[in-house]
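Q: Could you pick out one part of this protein and go through it slowly with me? I'm a first-year student, and I'd like to know what surrounds the empty spaces.

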Amino acid sequence: MVDHVESAQPTVHRPSTVSEVAALVRAAAQEAVPLTVVSGGHGPWSHASASGLRLELGELSSIEVDGTAVRIGGGAVWGDVATALAGHGLALSSGDTASVGVGGLTLGGGIGWMVRAWGLAVDQLVGAQVVTASGDVVEVSATQHPDLFWALRGGGGNFGIVTRFDFDAHRLPGIALAESVVDGDATAVLRAARELLRDAPRELTVTYMDVPPMDPSAPAGARLTAVWAGPDPEALRVELAPITALDGVTTEITEPAYRGILMEMPQPEGGEAPAPPGFLGGNGLVADLDDETIDRLVAYRREYPASVVFLRSLGGAFSDVPQEETAFPARTATWFVMAGAFDVPGLVDEQGREKAAADAQRIVGGRLAEYSNFVDRERPDAVSGMYDGDAYERLRAVKAQWDPQNVFRRNHNILV
């Protein structure tokens, strides 16, 4: 049975078996207890304090490798996955941070360093084990419960608890990494990056980030980072020449392990990391990185000292996947864009909050869709904008079939 809790503190369970997960789901559904699922790692629901049942999957973190087939527990984190796969000469396109959970990132799509070479995390997913709202344990794939499998690839945690992810990994003998510090106005650098990525080899994925002083994993200032999917630093150097030749750009090229390019979140001593500050911003998958968007990004970072702007190139393998194959939206997008100010007392005053949020939304105003993994709070009115129209209606139908009582609702909730 699940203990009823009326306070803001949830009852926490850390199951170590799939049968325990199933029993907890059945009990929560039977007693109408609110259920929060944390699939390992950090994210907005890692800090949820709502009452009810909090189910943390960190004990389900096994990683099994057979050839290129990889079976990963629903509570694993990407840093551990990268370490385990490196011994086999393999890798998966994951997120940017070692402590991010496999489950949360994958169910939302999963834009990472290899997105142009290999696509999204969900594009490598070939099957899953799912505990449904009724407490049943089902295996899903393209041939087993295909509608549920389709919905899992981008539809978030709306349809069940994934206790095991089955991926098809990629051979990766090595990578090349270029880190370019941008001193001064970044407009020319971003325009050069846009032109370069229009027809760049898919081995190349580029990220631009400009941040204030925060922590060692994200050095302050503007930085363009490029990853080449292969052990060829000279090829990377040649491709980046239009950028590295610009004034104010200082570049270093290295050959780290794939695990080495995943950022480390600072770990506080003696307790869990505090919840991140509020974020007054927005994100979008955009068809093109036009001059107006670039100008607004540069101006935003200059106007709001406690802000961050972020770009990630898309295309390549990301665009190879037909739109209808997964629930993830906007396969024609060529860039992911994010901007916003941190809502920290003393850094953004009351008068400036509304303007900071509005200015960030203008940057992504022409987006094709919003990327759910970069939305840090529940916004029911915005969920439909995270999907293409046809996909959203199909997701609602799958939700009605597999979770008609909305047991799994503490997420970017799809309503029947």
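A: Let's sort out some words before we look. Ala, Val, Leu, Ile, Met, Phe, Trp, Tyr, Cys and Pro count as nonpolar, Asp, Glu, Lys and Arg count as charged, and the rest, Gly among them, count as polar. With that split, the lining of the largest cavity comes out as 5 nonpolar, 3 polar and 1 charged residues. The charged one is E370, while G108, G154 and S372 make up the polar group. Also on the lining list are F328, P329, Y371, M386 and Y387. The space inside is about 30 Å³, and searching the whole structure turns up 1 cavity of 30 Å³ or more.

Keep in mind that this is a predicted model. Its protein chain has a mean pLDDT of 92, with 90% of the residues at 70 or more. Residues 1–7 have pLDDT below 50, and that stretch has 14 contacts in the model beyond near neighbours in sequence. Where pLDDT is low, the predicted coordinates shouldn't be read in detail.

Now for the part I'd like to dwell on: the second largest pocket. It holds about 150 Å³ of space. Its lining has 7 nonpolar, 1 polar and 4 charged residues. The charged ones are D185, D210, R301 and R302, and the polar one is G184. The nonpolar group is V182, A186, Y208, A222, L297, V298 and V309.

Where do those residues come from? Helix α9 gives the largest share of the lining, 4 residues. Both β12 and α9 supply at least two residues each. To see how those two elements fit together, we need the sheet.

That sheet is an open one with 7 strands in the order β14-β11-β13-β12-β16-β17-β15, paired antiparallel. At the edges are β14 (249–254) and β15 (278–286), each pairing on one side only. From one strand to the next, the twist averages 15°. Zoom in on β16 (residues 307–313) and β17 (residues 335–343): these antiparallel strands are joined by 7 bridges. One example is L311, whose bridge partner in β17 is V337.

Two helices belong in this picture. Helix α6 (residues 187–197) packs on the sheet and touches β11, β12, β13, β14, β16 and β17, with its direction at about 160° to that of β12. Our pocket-lining helix, α9 (residues 291–303), lies across β12, β15, β16 and β17 and runs at about 155° to β16. Notice that β12, the other element with at least two lining residues, is among the strands α9 lies across.

For contrast, here's another sheet. This open one has 5 strands in the order β4-β5-β9-β7-β8, again with antiparallel pairing. β4 (63–66) and β8 (137–141) are at its edges with a single partner strand each, so one side of each has no neighbour in the sheet. Neighbouring strands are turned by 15° against each other on average, ignoring direction. Between β7 (residues 125–131) and β9 (residues 161–168) there are 6 bridges, and the partner of L125 in β9 is F167. Helix α1 (residues 18–30) lies across β7, β8 and β9 at about 55° to β7, whereas helix α2 (residues 78–86) lies across β4, β5 and β9 at about 30° to β4.

Definitions and conventions. Residues are numbered from 1 along each chain as its sequence is written. This is a predicted model: local features need pLDDT of at least 70, side-chain atom pairs count only at pLDDT 80 or more; totals for chains, interfaces and linings use all residues. Side-chain values use heavy atoms; hydrogens and water are left out. Two strands pair if DSSP finds at least two bridges between them. Axes are lines fitted to C-alpha atoms, for helices over the stretch in contact, and angles run from 0 to 180 degrees between N-to-C directions. Contact means heavy atoms within 4.5 Å. On a 1 Å grid over the protein atoms alone, a cavity is a set of points where a 1.4 Å probe fits but cannot get out, and a pocket is an open set with protein on both sides within 12 Å along at least five of seven lines; lining residues have an atom within 4 Å of a point. Grid points are joined across faces, edges and corners, and a volume is the space filled by probe spheres set on the points. pLDDT is the predictor's confidence in each residue, from 0 to 100.
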